[in-house]
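Please open the model in your viewer and keep the selection panel at hand. The tour below goes from stop to stop, saying what to select and what is to be found there.

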Amino acid sequence: MSANSIDSLQHEGRHFPPSDSFVSTAVASPDLYDQANRDRLGFWADRSRELLHWHTPFTEVLDWSDAPFARWFADGELNVAYNCLDRHVLAGNGDRVAINWEGEPGDSRTLTYSELTAEVKRAANLLIKLGIGTGDTVAIYLPNVPEAVIAMLAVVRIGAIHSVVFGGFSAESLRSRIDDAQAKLVITADGGWRKGKVSPLKPAVDGALALDKGTPLSVEHVLVLKRGDNDIDWVEGRDLWWHDEIETVGSEHEAVGFPAETPLFILYTSGTTGKPKGIIHTTGGYLTQVTFTHKNVFDLNPEKDVYWCSADVGWITGHSYTVYGPLSNGATSVLYEGTPDSPHPGRWFEIIEKYGVSIFYTAPTAIRSFMKVGRQVPDAFDLSSIRLLGSVGEPINPEAWMWYREVVGAGTAPIVDTWWQTETGAIMVSALPGITSLKPGSAQVALPGISISVLDETGVAVEPGSGGLLAITEPWPSMLRGIWGDPERFVETYWSKFRDAFDTPVYFAGDGARLDADGDLWLLGRVDDVMNVSGHRLSTAEIESALVSHPIVAESAVVGAADEATGQAVVAFVVLRSEHAGDQTVDEASVLLRGHVTEQIGAIARPRQVFIVEELPKTRSGKIMRRLLQDVAEGRAIGDTTTLADASVMQLIADRYKK
Ligand code: WT7
C-alpha cells in the first residue's frame, strides 16, 4: 500500500434490524457489551467459569508480562474432552445427539453424547497403548468422518497435541507438517468419499513417509481407518487397522485436568513466506472464547437447535465450529463427508431438510456457487427449519448476502458475517443476533471483550469513513500462543507492524478494513502477499517456490486474481529455463506445472492459469511488481509502469495475454 489508508468505494445503505420475536428469545444480551467495556478481564473470567468445567479453578486471568506471549487462566486446570463430552453425559444429556453424520454416498451414522464419549475413551486408551503421552504430537489426515472428531478428542483427552492436515494436501505438504511437529503417530483412512469417488489418503501417507528428507522420521505408527475400501499398501509393524486395535483396549478412561496453557493443537496456515506456519493454540483460553462465541454468535439453544458448519475439520473453522464449540456447548450437529454437489447439486439442501438444520454456517464461495446454479435447486427442498445463517472466510458481497437471506433464510433469517483467522482461534468480529441491526456486506463490530481498531500505516486510528489496517489492540483468550518452533517469526509476523506506535504489542491481522460512519467494519481483503481462494489462505511465496522446484522453471510470480466463483484464483507467471524453453508447447508446460503444484502442495493451490513469459516485471531494485501482473490476470489495462527497470517487459506480457 502506498498511501496511509485504503479507500473503499463500497456504499451499501440497507439495514435489517432484528425482528421482535428474535429479540425476545435471543441468547446474547446487550449487557455483555457493557460488562466487557467496564472490565474486559473480569468479563472473560466470568464467561470461562460459567461456560466451562475447571478441574482446578483458575485465580489468574491474564498474564501479559511476557507480551506478545500470553498466558490465560494459567493456574487453572481443565480437560477439553471432558468439557466436550463427559460433563454433558453427567448432566443427564447422554441421549442427546452430538453428531448426525452423513457420508457422501448416502450412508449415515448418529452418535449421541454417551456414544461419542465411549468412543473417545476407547480411542484415548488406544493412543496410550501406542505410546502417545502428554505433549506428544499426532498428525490426523482423515476425511470428514466421526473418527476425525473422535481422534481429535482422544488426543486432547490425554494431554497430547493434534495437528490435523486437510485431506486435500499432498504427500509433500503432509510430510513437512509431520516433520515440523515431530508427529509420532499418523491417523488416516484408506480413503474418503469426494465428488462421487473414493479419494485415497493412505497412499499419500505412504508417499509422505517414504520421502527422503535426510532426517530421521518421527513417525512410529500409522493408524488406518477403513472407509474407502480402496486397495492400499501395508507396512507390517508400522501400519495398524483402527478397527482391529480398538478392540484390544478397554472402555474406561478418566479425564484428568491439564494446566490451561497446555498446547491443544497445531494448525498450519500460509503466510507471506514459503514455509507454512504451525499456529499453536492452548486449552483454557481457546475453549472459553470458542464456547462463548459459538453460543452467542449463533444464538444456540442446545436443546432445540440442529447446527451445521460445512467446514472440513482440517481447517480452523472445522476445529472451532464443527468440533470444539458445538460439543463444548452440548449442541446437536451435522457432519458431512463430501462435496456440496455430489451426487446432485442440491445435496447440501437435502441434508438441511433431512436433519432439520436450524443454524447453518458456510463460506461465501459456496453461496456464490449456489447462486450460479440458480434458486430452483434450493427451492426444491424444505428449508423452513433454518432460523440463522453464518458466513466466514472472505468478505461476503451484498448480492450474495441478500441471496443467502432470501433463498436459504426465507427472507427472514439473520446472517452473521464472522471475521476471524486461524490465528485468532475464534470469532472476533460479528453481529450478535437479536442485538445488531444487520448490514449486508459488513462484518460489523468487535465482539464483547475484543478490541479491534483500524489503523493507518503509522498506527494512528483512522477516522470513521476511512480505510486502513485491521489491528487487535488487546490480547484475547483464544489468541495463538506462537508459531511452533519459531518464536521470532511469531513476533515479527504479527506484532512488529505497529511496534513504534504503542507501548504494548498490537496484533496486525494482515487485512485491510474500512470503518463506516456508524463504526461498522468492512473487510477489504489481504494487504500482504497472501491470497484468499475459496475462503482458504494461500501464500504466493509458497506456490512460487513449488513452481521453481520444477526443473524447467527459472522464475515465477504468483498473484491472486478476482474470480467469480472462488473469490480469488491462483494465477502464475513463469519464466522457463532457457535450456528447456523449447521442450514443450506453452500449453503443455502449463498443464505440467499445474500438476506439479498439485503434487507439491495440493489441489487447492493448483493455478487457474499458468502464463509462460520471457521476463517478470521488476523494479530497479529487483522487486517483482505483482500489481501489474494482477492487472493482466484480471484482464485490465496495466497500471503505472514507470518504476519498472524495463517497461517493455510488461508491454510484451500484456500484448501476449490481452483478453
Ligand atoms: C483470513 C483468515 C477463520 C475462518 C476461515 C479462514 C479472511 C475470514 C472473513 C470475513 C472478510 C474474512 C481474512 C482473514 N476472512 N473471515 N467474515 N470477512 N474476510 O481462516 O484461513 O485463517 O484466513 O480470511 O482475510 O485474514 P484463515
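A residue is called buried when its relative accessible area is under 20%, exposed when it is over 50%, and partly exposed in between. Keep in mind throughout that this is a predicted model.

**Two residues with positive phi**

Begin by selecting Phe 73, which you will find in the loop between β2 and β3 (77-78). Its relative accessible area is 0%, and because buried means under 20%, Phe 73 counts as buried. Look also at its backbone, since Phe 73 has a positive phi of about 55° although it is not a glycine.

Then move to Ser 534, in the loop between β26 (530-533) and β27 (536-539). Ser 534 is not a glycine either, and its phi is positive, at about 50°. Is Ser 534 buried or partly exposed? With a relative accessibility of 23%, Ser 534 counts as partly exposed.

**Two cis peptide bonds**

Select Ala 67 and Pro 68 together, and you will see that the peptide bond joining them is cis, with omega at about 5°. Pro 68 belongs to the loop between β1 (62-63) and β2 (71-72).

Another cis peptide bond is to be found between Ser 342 and Pro 343, where omega is about 0°. Pro 343 sits in the loop between β17 (332-336) and α13.

**Salt bridges**

How many salt bridges does a search of the whole structure find? The search finds 41 salt bridges, and the next selections show some of them.

Select Glu 102 and Lys 354, whose side chains meet in a salt bridge with a distance of 3.0 Å from N to O. This pair links distant parts of the chain, for Glu 102 is in strand β4 (residues 97-102) while Lys 354 is in helix α13 (residues 347-355), 252 residues apart. Glu 102 is buried, with a relative accessible area of 3%, whereas Lys 354 is partly exposed, with a relative accessible area of 48%.

Go next to helix α8 and select Arg 175 and Asp 179, which both lie in this helix, four residues apart, or about one turn. An α-helix has 3.6 residues a turn, so residues three or four places apart point the same way. Arg 175 and Asp 179 form a salt bridge in which the closest N and O atoms are 2.9 Å apart. Arg 175 counts as buried at 1% relative accessibility, and Asp 179 is buried with a relative accessible area of 18%.

Now select Asp 206 and Arg 238, whose side chains form a salt bridge of 2.8 Å, N to O. Here too the pair links distant parts of the chain, with Asp 206 in helix α9 and Arg 238 in the loop between β11 and β12, 32 residues apart. Asp 206 is buried at a relative accessible area of 17%, and Arg 238 is buried at 16%. To close this part, select Glu 102, Arg 347, Glu 350 and Lys 354, which are joined into one network by salt bridges that share partners.

**Helix α9 and what it packs against**

Stay with helix α9 (residues 202-210) and colour its buried residues, which are Lys 202, Ala 204, Val 205, Asp 206, Ala 208 and Leu 209. Which elements do the buried residues of α9 pack against? They pack against β6 (137-141), α8 (171-181), β8 (185-189), β10 (197-200), β11 (221-225) and β12 (239-241).

**Two buried residues and their contacts**

Select Arg 47 in helix α3 (residues 40-51), where this residue is buried, with a relative accessible area of 8%. Setting aside neighbours within four places in sequence, Arg 47 is in contact with Leu 32, Gln 35, Thr 288 and Phe 292.

Then find Gly 271 in the loop between β14 (263-269) and β15 (277-282). At 2% relative accessibility, Gly 271 counts as buried, and, not counting residues up to four places away in sequence, it touches Lys 277, Val 530 and Ser 539.

**A charged patch on the surface**

For the last stop, select Arg 194, Lys 195, Lys 197 and Arg 606, which gather on the surface in a patch of positive charge. Arg 194 has its place in strand β9 (residues 191-194), and it is partly exposed, with a relative accessible area of 34%.

Terms used
Residues numbered from 1 in each chain as written. Predicted model: local features only at pLDDT ≥ 70, side-chain atom pairs only at ≥ 80, totals over all residues. Heavy atoms only, no water. Patch = residues over 30% accessible without salt bridge, like charges linked within 9 Å, V, L, I, M, F, W, Y side chains within 5 Å. Areas by Shrake-Rupley, 256 points an atom, 1.4 Å probe, with all protein chains shown as cover. Salt bridge = Lys/Arg side-chain N within 4 Å of Asp/Glu carboxyl O. Lys, Arg positive; Asp, Glu negative; His and termini not counted. Charge placed at Lys NZ, Arg CZ, Asp CG, Glu CD. Buried < 20%, exposed > 50% of the residue type's maximum accessible area, 1.4 Å probe, protein only. Contact = heavy atoms within 4.5 Å.
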